[in-house]
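Thank you all for coming; I would like to walk you through one model this morning, starting in the middle of a sheet and working outwards. Please have the picture in view while I talk.

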There are 2 protein chains.
Amino acid sequence: MAGTIAPKVVKLGGSVVTVKEKPRTPDLTVIGRLAGEIKQAEIDSLIIIHGGGSYGHPYAEEYGITEGYKSQGQLIGFSKTRQAMMALNKLIVDALVRNNIAAVSVQPSAFIHTKKGRISEFNPSLIKGMLKMNLVPLLYGDAVLDEAIGFSILSGDQLTAKLAVELKAEQIIFGVDVDGLYTEDPKLNPDASLIEEIKLNELRQSMKKIGRAGTIDVTRGMFGKILEIIPAVEAGIRIKIINAKKANRLYRALRNEKVKGTEIEQR
Amino acid sequence: MAGTIAPKVVKLGGSVVTVKEKPRTPDLTVIGRLAGEIKQAEIDSLIIIHGGGSYGHPYAEEYGITEGYKSQGQLIGFSKTRQAMMALNKLIVDALVRNNIAAVSVQPSAFIHTKKGRISEFNPSLIKGMLKMNLVPLLYGDAVLDEAIGFSILSGDQLTAKLAVELKAEQIIFGVDVDGLYTEDPKLNPDASLIEEIKLNELRQSMKKIGRAGTIDVTRGMFGKILEIIPAVEAGIRIKIINAKKANRLYRALRNEKVKGTEIEQR
């Protein structure tokens, strides 16, 4: 029975499922392909989380949602951010349903609160119930109520790590738009090389070196992502970062086949 | 501050916001007009719930979602029912946001479980938090997990009464596609007359007479609706049933102005 199997957790970055430069533009080709790969991989127990990309971020930024409540004028931006995230979510769930996957959209803000941007209230019983029924819960980064600052943004990465730890996930696969972690920013330095494997203590060491000569590129949001990932690695969950913009990478990662990317291990 | 004001709760029937005969067809004219009336009424503390109409019902029926889990084949129907409800919900929230109302979609199935179709787990703290922030929570009838039968349908009417009681609402306005409660079915009998006011004990008496000569028409779903309403009436909440397909009825009801319809009172 699916409920007794440790789930796999897939995070699809906003830059994977949307066209980052164009406000509210989905990458329907990639979404459709990924839905097919997920179907083909036939995973018994699976949770999917996606980011905001060009859907949630422009509104969140325009109305300063991350910084919390300051004026009534932001409230309509809080609405718009959520509506945008749900619109993107609908496209992804629809693509999965077309592939005959019983994907179930679960709105994070309907059951998660934060406190200063960190999850403070979270009841995983519903998600557990869905996994038990062989449903595939699909969540996303969302604009949520915040006990301390009124509202905030709950990132897909924070949510992914929290869900994985709470549900004792077997593995997290982070689908991003680069091949994995690099020694330097591969978009700026052609000599940057992909790190295929890294242990938790090496990762921690690299994080401390930020601003000095590091051994890992932690630019372009990678720093924040890695900070969120660490508690999951500490909990013994295997992490793989792959390029989900490229065909078959997600499929191979889900099937535990050899695939280009970065593996993060506890020790 | 809005959070200290007893909220008004508006339920918009599925037959109001959709074209009942055509699968997945919204009544955008009515939705747009109602959003305008809600804006114009300037209510400080407001919750809106809507039904499924031609969105949720066809899938729920096709896959037997109300009867609970029987086979894996239903799971895709569970997904489809939820997706359809979210699609309808999006149209309504978008219409409110266009009217500069900070409406916030809240997915019932993300925080409510049922047991044999009745709400068994329900934490209203998030909705309270939204009201406190002057947001307008918007919920809907939904396909939810059920502790006893796997999954079920949580009707918008059940949810409305539960929310109203838990949040100590001042009033519930039920927007339907007839003018209120009648002595007989107005669509079958031209002599049927509208009941303008009814007390709880009279209502209870009429319910017992079903199948015999009653004094109230309880056909076409009205019986189920009234059964759900009774706990709210018992809690002292004023109930008004109005025809939301007709212009200005909702506005007038929200403003406590004289309006055609049926008022249900505790005593």
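Let me begin at one residue pair: B:G175 has B:I242 of β11(B) as its bridge partner, and B:G175 also stands opposite B:L12. Before going further, I should say that this is a predicted model, in which local features need pLDDT of at least 70 and side-chain atom pairs count only at pLDDT 80 or more, while totals for chains, interfaces and linings use all residues. Residues are numbered from 1 along each chain as its sequence is written, chains are lettered from A and ligands numbered from 1 in the order in which they are written, and side-chain values use heavy atoms, with hydrogens and water left out.

B:G175 belongs to strand β9 of chain B, residues 171-176; strands here are DSSP runs of E with at least two residues, helices are runs of H or I with at least four, and both are numbered from the N terminus. On one side, β9(B) runs parallel to β11(B), residues 238-243, with 6 bridges between them, and 5 bridges join β9(B) to the parallel strand β1(B), residues 8-12. Two strands count as paired if DSSP finds at least two bridges between them.

How many of the residues of β9(B) are buried? The count is 6 of 6, where buried means under 20% relative accessible area, exposed means over 50%, and partly exposed lies in between, using a 1.4 Å probe and protein chains only. Both faces are covered, with B:Q171, B:I173 and B:G175 on one side and B:I172, B:F174 and B:V176 on the other.

Stepping back, the open sheet of chain B has 8 strands in the order β3-β6-β2-β1-β9-β11-β12-β10, with mixed pairing. Strands β3 (103-105) and β10 (197-199) of chain B stand at the edges with a single partner strand each, so one side of each is left without a neighbour in the sheet. At the β3(B) edge, 3 bridges make the parallel connection to β6(B), residues 136-140, and B:A103 has B:V136 as its bridge partner there.

Now to the salt bridges, meaning a side-chain nitrogen of Lys or Arg within 4 Å of a carboxyl oxygen of Asp or Glu. The structure holds 36 of them over all chains, yet the rule finds 0 across the interface of chain B and chain A. At that interface, 40 residues of chain B are in contact with 40 residues of chain A, contact being heavy atoms within 4.5 Å.

Within chain A, A:K240 and A:E263 form a salt bridge at 3.5 Å, N to O. This pair links distant parts of the chain, since A:K240 lies in β11(A), residues 238-243, and A:E263 in β12(A), residues 262-265, 23 residues apart. A:K240 is buried at 10% relative accessible area, and A:E263 is buried at 14%. Both belong to a network of salt bridges that also includes A:K8, A:E170 and A:R238.

For contrast, take A:D94 and A:K90, whose closest N and O atoms are 2.6 Å apart. These two are 4 residues apart in helix α4(A), residues 75-98, and therefore separated by about one helical turn. A:D94 is partly exposed at 21%, and A:K90 is likewise partly exposed at 26%.
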